[in-house]
Amino acid sequence: MAGHSKFKNIMHRKGAQDKKRSAMFSKLSREITVAAKMGAPDPDMNPRLRLAVNNAKSLSMPKDNIQRAIDKASANEGDDYEEIRYEGYGPGGVALIVEALTDNRNRTATNVRTAFAKNGGNLGATGAVSHGFERKGMIEYPESAGDEEKVLEAAIEAGADDVESGEDGHTIWTDMEALHEVAGNLEKVLGEPESVKLAWKPNLTVDVAEGDAPTLFKLVDALEDDDDVQTVWGNYTVSDEIAETLG
């Protein structure tokens with residue numbers, strides 16, 4: 001069970017998830033509908049749907065919205081979305097993986113390519129950067145869930161692989177296949193997590209230089225603001241000093 005990173009290595013800077021609620025709920029609804037269409041409309045029988053519903057709940061999405069998204073799939077309504085992964089480089093050689101759900105591949109590709117080009121990056125081919133990441137399960141808890149020792153002990157008992165604890169909470173890593181089992185075990189000890197999801201964990205991280213940080217965050221913001229983009233992962237860390245200058 002390895003160490004404890006002071007910074008979140010793969011997610012955008014703190015506060016980046018504070019998006020407009022309507023846009024956030026729209027993306028969550030899209031993921032719920034796609035998950036329900038691909039398997040059973042019952043979260044207990046469909047692990048991907050269970051993940052999507054749990055994440056929606058953790059972000060305070062109303063139950064009616066969640067049920068409506070499931071019903072849309074059951075009635076075979078709504079657009080047919082396909083999952084696409086884009087990979088590229090941002091300022092300072094930062095590697096980025098962009099996960100999208102789209103009903104128009106050309107529109108999404110154009111938007112993603114434009115975001116990279118306008119913000120100091122360049123889009124690569126699929127596989128260009130993902131070899132530097134591992135596909136893992138990620139469970140997040142707030143700092144209030146317990147101190148580092150308590151969370152580490154609970155994670156070991158639950159069968160997790162690794163824990164990163166810092167000022168902004170605890171991130172627990174698992175094998176993809178073990179995600180639901182580990183999350184269930186942890187919930188018995190630590191309570192309900194902030195999020196449970198599949199993630200791209202970088203094998204190595206890049207320290208972002210002060211000059212590159214504003215442009216990198218503009219790029220990540222531009223990608224995340226696109227309706228078709230579900231998640232943006234990166235292999236960067238930003239020091240507290242640089243983060244404070246960005247506000």
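In the predicted model, K37 is partly exposed, with a relative accessibility of 29%, and its side chain meets that of D80 in a salt bridge with an N to O distance of 3.2 Å. Because K37 belongs to helix 1 whereas D80 sits in the loop between helix 3 (63-74) and strand 1 (82-89), this pair ties together parts of the chain that are 43 residues apart in sequence. D80 itself counts as exposed, at 61% relative accessibility.

A further pair involving helix 1 is formed by E31 and R48, whose side chains meet in a salt bridge at 2.9 Å, N to O. Here E31 in helix 1 (residues 21-38) is linked to R48 in helix 2 (residues 47-58), the two residues being 17 apart in the chain. E31 counts as buried at 19% relative accessibility, which follows because the limit for burial is set at under 20%, while R48, with a relative accessible area of 23%, is partly exposed.

The side chains of R107 and D228 likewise meet in a salt bridge, at 2.9 Å from N to O. Since R107 lies in helix 4 (residues 105-118) and D228 in the loop between helix 7 (213-224) and strand 9 (229-234), the pair ties together parts that are 121 residues apart in sequence. The acidic partner, D228, is buried, with a relative accessible area of 2%, whereas R107 is partly exposed at 32% relative accessibility. Both residues also take part in a network of salt bridges that links R30, D103, R107 and D228. In total, the structure holds 12 salt bridges.

Turning to the nonpolar interior, the largest nonpolar core comprises 22 residues, and those with the most contacts inside it are Y86, L96, F116, V208, L216, L223 and Y236. At least two residues of this core are supplied by each of strand 1, strand 2 (95-102), helix 4, helix 7 and strand 9, with helix 7 giving the most, namely 6 residues. When neighbours within four places in sequence are left aside, F116 is in contact with G88, Y89, L96, V98, G121, N122, L123, L219 and L223. Apart from this core lies another one, of 17 residues, which includes L51, A158, L179 and L190. In soluble globular proteins, nonpolar side chains tend to be buried together.

How values were computed:
Residues numbered from 1 in each chain as written. Predicted model: local features only at pLDDT ≥ 70, side-chain atom pairs only at ≥ 80, totals over all residues. Heavy atoms only, no water. Salt bridge = Lys/Arg side-chain N within 4 Å of Asp/Glu carboxyl O. Helix = DSSP H or I, 4+ residues; strand = E, 2+ residues; numbered from the N terminus. Buried < 20%, exposed > 50% of the residue type's maximum accessible area, 1.4 Å probe, protein only. Core = buried A, V, L, I, M, F, W, Y, C linked by side-chain atoms within 4.5 Å. Contact = heavy atoms within 4.5 Å.
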